[in-house]
Amino acid sequence: EKLASIVRENNPPIVNQLNQGDLEKLVQQLSKTGKFSSEQLELFPQLLGLIYREKLDRATFKNWLYEIQWKPLNISQSHQIFQPSHWLIFADSTGLGQTLKTQLQHQGHECSLVYRADTYQHSETGIYYINPEQPQEFEQLYQAIETSKLPLKKIIHLWSLDATGEQNLTVSALETAQLWGCGSVLHWLQAVVKNPKTSLPQLWLITRGSQPVLNTEKIAVTQSSLWGLGRVISWEHPHLWGGLVDLDPQGSQQEAERLLQLVIDSQKQDHLALRGEQ
């Protein structure tokens, strides 16, 4: 208690010496500052050494962690003019993929939808069906898309939006969510890497409520792993990378339009989230 009192009263010089690790001089100073017995002075080096190591551990621990801070992004309201291109959408069952296709076609783009199924199928209307568990079907899909008239420029992955909510989560549902999310993205990436082209499409991964943008939100953990995979892809295959977008858990009527706006005019930001009008 006496040692703690002296440290508090002489805080600046003692703390400076402690930060410098000069424990011998610090013991000498403390022995002159207060009346301590010889037994107490013998304990000082050990006690001060423990305090010094604790300060180092705390400083090191702070450097292990970081906190993500979300900031508002001002999206340009001007509509940029892009050459017509081919967009491939791994479509969800809620209709967002179909809405995106309609808007893209109105802008002169070609758009194909890919749905989950038991076996590979292809219709003349630009709709594909593939089995998420079969890597060779992703390669078959990529080869078929490459024969389109317009160059393939964008890949929009929406399959994770169909993941089961946490309230009904089981081991089987979790495995299925990983297959639809990370598994299908890996299969697609492997197909593209095996068949390199001069112009490679940008991959955009879309989730809903998987990021803690607001403190009041419940996190869709079944989709959050896709963000970890996306970061790895951005480092290892930057030429294939587009970005990550986390949609508002509540959704909105303008969601498809705003999502396209982010993909087209993201100002080189690749970690994006939609919350309300922001």
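**Histidine 157, the sheet and a nonpolar patch**

In this predicted model, histidine 157 lies in strand E5, which spans residues 152-157. The relative accessible area of histidine 157 is 2%, so the residue is classed as buried, the limit for that class being under 20%. The side chain of histidine 157 makes a polar contact of 2.8 Å with the side chain of serine 184. When neighbours within four places in sequence are left aside, the residues in contact with histidine 157 are Phe90, Trp180, Gly181, Ser184, Val185, Trp204, Leu205, Ile206 and Leu226.

Strand E5 belongs to an open sheet of 8 strands, whose order is E3-E4-E2-E1-E5-E6-E7-E8 and whose pairing is mixed. The edges of this sheet are occupied by strand E3 (121-122) and strand E8 (271-273), each of which has a single partner strand, so that one side of each is left without a neighbour in the sheet. Within the sheet, E5 pairs with strand E1 (residues 86-90) in the parallel sense, over 5 bridges, and leucine 88 is placed opposite isoleucine 155 of E5.

A separate feature concerns the surface, where Leu43, Leu47 and Leu50 make a nonpolar patch of about 260 Å². Of these residues, leucine 43 is located in helix H4, which comprises residues 38-64. Leucine 43 has a relative accessibility of 46% and therefore counts as partly exposed, since that class lies between the buried limit of under 20% and the exposed limit of over 50%; histidine 157, by contrast, is buried at 2%.

Definitions and conventions
Residues are numbered from 1 along each chain as its sequence is written. This is a predicted model: local features need pLDDT of at least 70, side-chain atom pairs count only at pLDDT 80 or more; totals for chains, interfaces and linings use all residues. Side-chain values use heavy atoms; hydrogens and water are left out. Patches are made of residues with over 30% relative accessible area and no salt bridge: like charges are joined within 9 Å, nonpolar side chains (Val, Leu, Ile, Met, Phe, Trp, Tyr) within 5 Å. Accessible areas come from the Shrake-Rupley method with a 1.4 Å probe; for residues, only the protein chains shown count as cover. A salt bridge is a side-chain nitrogen of Lys or Arg within 4 Å of a carboxyl oxygen of Asp or Glu. Helices (H or I, at least four residues) and strands (E, at least two) are DSSP runs, numbered from the N terminus. Buried means under 20% relative accessible area, exposed over 50%, partly exposed in between (1.4 Å probe, protein chains only). A polar contact is a pair of N or O atoms within 3.5 Å; within protein, one must be able to donate a hydrogen and the other to accept it, and residues adjacent in sequence count only if both atoms are side-chain atoms. Contact means heavy atoms within 4.5 Å. Two strands pair if DSSP finds at least two bridges between them.
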